[in-house]
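Reader: I have a structure open in front of me. How do I read the place where two chains meet?

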2 protein chains.
Amino acid sequence: MKNYCFGIDVGGTTVKMGLFKTDGQLLDKWEIPTRTEDGGKAILPDIAAYALAKLVEKNIAREEVAGIGIGVPGPISADGIVPHTANLGWGYKEVTKELSELTGIICRGGNDANVAALGEMWKGAAAGHRSGVMVTLGTGVGGGIIIDGRIIVGAGGAGGEIGHIHVDDNIPGLCGCGNQGCLEQVASANGVVRLAKWIRETDKQETVLDLDTMTAKDIWDAVKDGDAFACKVAERFGAYLGLALANIASTVDPEVFVIGGGMSKAGPVVLDYIKKYYIKYTFRTCRDAEFVLATLGNDAGIYGSAKLVIEE
Amino acid sequence: MKNYCFGIDVGGTTVKMGLFKTDGQLLDKWEIPTRTEDGGKAILPDIAAYALAKLVEKNIAREEVAGIGIGVPGPISADGIVPHTANLGWGYKEVTKELSELTGIICRGGNDANVAALGEMWKGAAAGHRSGVMVTLGTGVGGGIIIDGRIIVGAGGAGGEIGHIHVDDNIPGLCGCGNQGCLEQVASANGVVRLAKWIRETDKQETVLDLDTMTAKDIWDAVKDGDAFACKVAERFGAYLGLALANIASTVDPEVFVIGGGMSKAGPVVLDYIKKYYIKYTFRTCRDAEFVLATLGNDAGIYGSAKLVIEE
């Protein structure tokens, strides 16, 4: 019986690893450094060595392992090929094929934002739902679309790239993707700071915020304290993100939206501003979609990666 | 061997019916009137009677039929239940269950725009692709999202309701859905006429168009003749639809976009205006998505309905 599996979440600094029962029970988790030098050639051998060592430690035979799921930062095709991943040092890499050869265990791969969404759908905030959209509000805006329990990967791996939905022609500057007007520019943690400074150009209302040093957390703290300027920033944030999610609803009509990432730690007030505008813009049959905060935090990736190798 | 199936496309005036081989060969097609009186109670019995009569005519045993697929105008759940369909007279109706009881044949149902998309993916303009988005530019703007060969139905049947993507706060008037600023208001056949009149409020450039009587066809004919005002209308149309499709690409990243419906008969010039703005707004890995004109015309619905009952 194949009762065990691994969930691996590869980041630019550390690799998070989890050993699971196939019913979703997390038995053990740990981190190893991501060795990006020399084109990141040690990353997969390191993962393989630590996974196999964990099996020895736990007295589990390799034949009892259903598979290894691996999430990577960047696009990865349905057959586990990464074209290029700058922050791991990788060029073209057949990730799941190599890891499978190194371990003798079946491997499947996914994009990190997508597998985090799958994790929250499986064992996190959206458990019990069949379809959902996760939005990760961190340094950037990431996303994952899960329909009938499966990730929408996309023809070129761009499924769920909702940070690059175009929301406003007038947003100053260019997004990292090269386009202008992306959601990420106004709805990520960096984005709300940028948004506040942009609004400040024409709105000189008194505020407790120090416009030079403020962080996203400072802005949400000020919102909770009733700072009128900060509340205007939150309204604009909510309008942009609520609009983007309404338009996603008219496309895939999910049961639930999961809001995660560092900025979601500001709590339910973030949902309130998003929902206000979501309801304004969305098609009427989509108005009852649930909005929930992510619950798995940094473990979402290992849960979702593990789910990649577990059949329904 | 179950070598045959039916594809049924229920419209407000006529029901289109097709008898197919399960390899996709259309053997026969015909139409019957949609009898909407008395709550549309005759519609399903009429369909059943004509389907069974066709089997007798063709000397096909009921046991040789894999199933009946039926497309209906409006939302229908994954298990074939219609909550309400105004233009057929139906209230709550268990469509596939009733039709199955009437015929003794397995039935599956789908929304008409979604099954048209499935038809174009199967045997039409997008044959050979695994994922695609179809946009129907008719009286309204309909749509269907097909991923890995399956329709994205949505939690409440609103998958592919892309006519209700919000594109501009400033569009005058309300959409039929009750919202303001929907794509349908500026990109359907009626919508481009509305768009032309709206632009005319501030743009008095000479034009061959009669603003009181013009149709969408008149506008596209004028575009082809180089009429500068008509070309401005086409640019705005392209900007709205190109933006909406770019944002859909950042969500589901399809291989291909299929443009159909009455207005697509204006030809490749329609695609040119859409693609110009799609490429401006879309995430870079989505820029290579194909754009094609629908090829099945009014038969897309019967093809897609038939596909509902054919396993891969």
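Author: We will go through the contact between the chains, then the symmetry. Keep in mind that this is a predicted model.

Reader: How many residues does each chain bring to the contact?

Author: Chain A brings 37 residues, and chain B brings 37 residues.

Reader: How much area do chain A and chain B bury between them?

Author: About 2900 Å². Carbon and sulfur atoms make up 55% of that area.

Reader: Which elements of chain A should I look at on the side that touches chain B?

Author: Look for those giving two or more residues: strand E9 (141-147), helix H8 (228-252) and helix H9 (268-281) of chain A. H8(A) gives the most, with seven residues.

Reader: What classes of residue are on that side of chain A?

Author: It has 17 nonpolar, 13 polar and seven charged residues.

Reader: How many salt bridges and polar contacts cross the interface?

Author: The rule finds zero salt bridges between chain A and chain B. Polar contact links 24 residue pairs, both residues at pLDDT 80 or more.

Reader: Now the symmetry. How are two copies of a chain related?

Author: In general, by a rotation about an axis and a shift along it. Here, a turn of 180° and a shift of 0.0 Å along the axis lay chain A on chain B, with an RMSD of 0.1 Å. The two copies are therefore related as by a two-fold rotation axis.

Reader: Which residue of chain A comes closest to the rotation axis?

Author: A:Ile248, whose C-alpha is at 3.6 Å.

Reader: Why do we say the copies meet through the same surface?

Author: Because 100% of the interface residues of chain A are also interface residues in chain B.

Terms used
Residues numbered from 1 in each chain as written. Chains lettered and ligands numbered in written order. Predicted model: local features only at pLDDT ≥ 70, side-chain atom pairs only at ≥ 80, totals over all residues. Heavy atoms only, no water. Contact = heavy atoms within 4.5 Å. Buried area = accessible area lost by both parts, 1.4 Å probe. Salt bridge = Lys/Arg side-chain N within 4 Å of Asp/Glu carboxyl O. Polar contact = N/O pair within 3.5 Å; in protein donor to acceptor, adjacent residues only side chain to side chain. Helix = DSSP H or I, 4+ residues; strand = E, 2+ residues; numbered from the N terminus. Nonpolar A, V, L, I, M, F, W, Y, C, P; charged D, E, K, R; others polar. Least-squares fit on C-alpha atoms with pLDDT ≥ 70 in both.
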